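Open the model in your viewer and colour it by chain. The tour below moves from one selection to the next.

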Protein chains: 2
Amino acid sequence: MLRPIEPQSGAAAASALRVDLINAQYDLLRAGFPVVIVVAGNDRLGMVELVQLMHEWMDARYIQTHVFEAPAGEEVEHPFMWRYWRALPPRGIIGLYVAAWPLNLIGDRALGLISRKEFDRRLDQISRFERMLTLEGTLVIKFWVQTPRELIRERLRRAKKHPQSNWRVEPVDRDLHRILKNAQRDIHRLLACTDTDHAPWHVLDGSDERARNRVFVDVLATTLKRRLSTTTPPPPQEPTDTGDGSDALGGIDLSPAADPADNRRRLDEARSRVAAITRRARKRGVASVLVFEGWDAAGKGSAIRRITHSMAVRDYRVVAVAAPSEEERARPYLWRFWRQLPRAGQMLILDRSWYGRVLVERVEGLARPDEWQRAYDEINDFEAQLTQSGVLLLKFWLHIDRDEQLRRFHQRANTPYKKYKLTEEDLRNRERWDDYVAAANEMIARTGTAHAPWHVLAANDKRQAQLEVVETVRRGLQRALRSP
Amino acid sequence: MLRPIEPQSGAAAASALRVDLINAQYDLLRAGFPVVIVVAGNDRLGMVELVQLMHEWMDARYIQTHVFEAPAGEEVEHPFMWRYWRALPPRGIIGLYVAAWPLNLIGDRALGLISRKEFDRRLDQISRFERMLTLEGTLVIKFWVQTPRELIRERLRRAKKHPQSNWRVEPVDRDLHRILKNAQRDIHRLLACTDTDHAPWHVLDGSDERARNRVFVDVLATTLKRRLSTTTPPPPQEPTDTGDGSDALGGIDLSPAADPADNRRRLDEARSRVAAITRRARKRGVASVLVFEGWDAAGKGSAIRRITHSMAVRDYRVVAVAAPSEEERARPYLWRFWRQLPRAGQMLILDRSWYGRVLVERVEGLARPDEWQRAYDEINDFEAQLTQSGVLLLKFWLHIDRDEQLRRFHQRANTPYKKYKLTEEDLRNRERWDDYVAAANEMIARTGTAHAPWHVLAANDKRQAQLEVVETVRRGLQRALRSP
């Protein structure tokens with residue numbers, strides 16, 4: 001069914017290539033990095049042939065193939081890049097992305113579903129996504145099959161005639177052919193803007209099918225082998241300036257509230273208002289993500305309970321973020337948060353979050369400096385995608401001082417609740433207080449963006465902090481409900 | 001919002017219960033078994049209150065709550081129990097199943113969606129599911145909230161009047177109330193048939209809300225604590241008779257085919273017929289699962305490629321089953337196969353499968369005798385659910401003899417394909433040939449059922465075996481396409 005590769009030049013060359021390719025795949029299984037191969041183009045039949053060729057020549061058991069057609073169901077409820085994140089392969093495995101972001105983007109633009117400005121914004125997102133993948137250790141190989149339009153039409157006609165091949169022609173072929181009629185400028189722009197050193201485009205001329213297949217396999221085998229023979233990891237970035245000396249936490253007034261009784265009454269009122277508005281948010285399909293960060297014993301748990309108390313249980317999910325699982329460790333670090341994102345109308349409440357990267361992982365040396373340093377941009381990028389897709393994102397830092405923490409630790413030690421029993425970790429973290437202050441200050445300075453500002457709350461007075469959390473959530477949901 | 005528990009008897013008793021409950025949950029986190037709590041009943045408001053109470057009194061971050069309403073989307077495309085399997089919590093975590101299988105079953109029956117016979121069949125499935133969960137180490141706690149109908153109506157009316165509680169009343173309440181009008185007999189039957197020692201029903205009288213809450217929390221705390229204090233695992237079953245001496249493999253004629261040339265021609269023909277029929281299966285939404293088992297080097301991989309060669313890549317997925325991941329090890333062993341099940345129109349091809357439990361795990365001592373012995377029934381049950389839901393299931397054992405395996409190992413050692421390089425494991429498995437023969441014979445005898453028979457194929461002649469695989473798949477798909 002597949003065209004042979006250069007039968008003229010002898011079966012020996014093809015056979016050698018094939019052995020190279022499959023051996024590279026088996027080395028990959030042990031090498032421990034993931035591979036993402038993108039196959040897109042203006043020639044769907046050509047793309048399909050390349051994919052079939054990979055399944056034929058390589059071991060399909062270790063290839064996860066995803067054909068990305070128009071988004072449907074849950075995919076529509078999430079940011080543009082969600083389904084590509086979800087499909088990321090673990091280490092050792094090839095994720096074969098067919099059509100995927102390049103062709104989906106071109107299609108959306110050609111159909112007039114997105115503006116020129118949105119097109120450029122997505123190009124930028126894609127570039128950053130591919131950069132992040134590379135820096136996280138994924139090998140990205142991209143192919144664009146470009147075939148003259150007359151030739152595509154001719155081949156579709158020919159394929160349709162033969163019972164051996166007519167099943168390959170689908171309605172989507174005619175549609176795609178029509179849609180891409182005037183897309184040449186956008187295709188050029190896509191290829192130019194996302195052609196980088198770490199994830200270059202390999203444009204395959206589809207005119208000669210044999211040559212196309214040969215170049216495809218050759219690039220695959222060569223790129224895999226080159227990366228497999230590289231023993232050193234990609235060079236870390238230049239250390240960036242760690243912080244601008246900003247001191248968000250130093251400026252917090254931790255003195256107790258003037259009138260505690262008044263706060264109690266206000267909290268009750270605010271809670272019943274939040275209860276009502278969360279139900280409207282569910283009906284209107286507003287998704288939200290609440291991030292809680294802050295010191296141990298700062299009161300994250302009880303603040304969260306203030307929110308959920310009057311919510312219907314099926315409308316929210318509370319997740320405690322701890323060490324990643326094996327499946328999560330095998331992928332880029334933001335993957336485990338992408339996979340948790342809420343559907344329309346749902347609220348995800350995170351007790352600790354992706355900010356672990358620039359807090360505990362930085363302070364405890366669990367992430368390399370180049371890793372946590374680039375995380376600020378990656379996180380800003382992630383959050384921008386969330387908010388642009390209509391998710392309400394609210395980030396809280398609950399702040400207490402060292403004395404207050406010690407007082408609460410003592411209190412805990414005396415409660416009958418085992419969950420509050422102190423661990424050695426609690427005390428160890430406490431010893432590194434100043435390092436955490438520096439990390440938190442830099443985090444707040446670098447990830448407090450216009451679309452996702454930090455709400456840094458004085459939490460020595462618990463009720464005061466809870467009131468502010470509840471009020472902030474209420475205002476946020478109200479804003480989200482007002483927006484179109 | 002929640003009714004206090006026995007305020008008359010003093011806050012001290014309630015507080016002690018609460019401390020007990022939360023401490024049990026924290027002990028559970030470290031104890032390493034999962035908990036499934038089912039909350040169902042004829043009183044939805046009551047169920048919701050109990051769920052809210054759990055979220056309030058326990059740590060919601062370690063409770064995974066699932067409200068199972070009418071199945072939708074992907075759920076409809078899978079067996080009845082699929083969504084309950086998917087939601088199973090890992091060790092240390094509570095899966096809170098609201099409505100779930102008991103109420104879904106009663107609802108389906110009351111709506112006339114299933115016959116009396118199907119009702120009984122599902123009762124049986126449910127019993128076996130709960131038994132399997134228990135044997136795999138999950139603690140199952142089931143509550144049924146039963147409230148007099150007049151009282152439910154009265155409470156709905158009252159709740160609707162107050163702005164503090166009217167949001168709790170949903171259209172589903174009226175529907176459920178109406179639907180369950182004549183369901184009392186079915187409810188009795190459900191409670192009677194699925195009330196077992198390992199997963200007894202706790203029927204809560206919803207007349208007195210405070211008493212209901214008190215009993216609920218008391219049962220929860222007591223059951224959790226009792227299980228936490230049990231240091232010994234559940235007693236293993238009596239060893240069953242291992243095999244009836246049946247010798248399916250001994251009866252295989254491994255002599256070469258009469259006319260190899262003829263087989264080549266027939267294979268080509270069969271392949272193009274399969275190619276056509278898989279496309280019809282996709283269009284008609286027929287899902288299929290192909291299981292390949294057999295000796296190392298028996299030719300599983302190449303038989304699979306004969307099937308997939310002419311299929312569209314997006315129509316199938318080939319999965320090599322190896323050691324389970326961390327997330328998989330934290331759940332019952334069939335979980336990882338349930339989560340892989342194909343959607344409508346898709347084919348899942350497994351290179352090794354759940355039969356690892358009674359083959360490699362048995363022979364290598366990776367599963368305890370009671371575990372692999374009960375696996376036969378569990379597997380038969382699983383496969384029955386698959387086929388009853390319309391999935392085409394085909395199971396192949398590719399059989400070669402010891403000499404042929406040695407010949408192929410030698411051949412492999414001399415190919416340039418690294419994937420065929422021999423490992424120590426290959427040779428070790430070979431040494432245990434007789435143990436594997438005994439295990440395979442017993443497996444074939446005990447899991448070769450009417451709905452899912454084994455296709456034991458003589459594979460010394462590779463092409464002959466491939467021809468039979470392709471023909472069996474073709475006939476199976478044809479049969480599935482003919483059935484309504």
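Which side chain meets Glu170(A) in a salt bridge? Select Arg282(B): its side chain pairs with that of Glu170(A) at 3.8 Å, N to O. A salt bridge here is a side-chain nitrogen of Lys or Arg within 4 Å of a carboxyl oxygen of Asp or Glu.

Before going on, note that this is a predicted model, where local features need pLDDT of at least 70, side-chain atom pairs count only at pLDDT 80 or more, and totals for chains, interfaces and linings use all residues. Residues are numbered from 1 along each chain as written, chains are lettered from A in written order, and side-chain values use heavy atoms, without hydrogens and water.

Now show the salt bridges across the interface of chain A and chain B: the rule finds 12. Next, select the side of chain A that touches chain B. Helix 1 (11-31), helix 2 (44-57) and helix 10 (260-284) are among the elements that give two or more residues to it. Helices are DSSP runs of H or I, at least four residues, numbered from the N terminus. Helix 1 of chain A gives the largest share, six residues.

Widen the selection to the whole contact (heavy atoms within 4.5 Å). It takes 44 residues from chain A and 44 residues from chain B. Chain A and chain B bury about 4,200 Å² between them, 53% of it on carbon and sulfur atoms. Buried area is the accessible area (1.4 Å probe) that two parts lose on being put together, summed over both.
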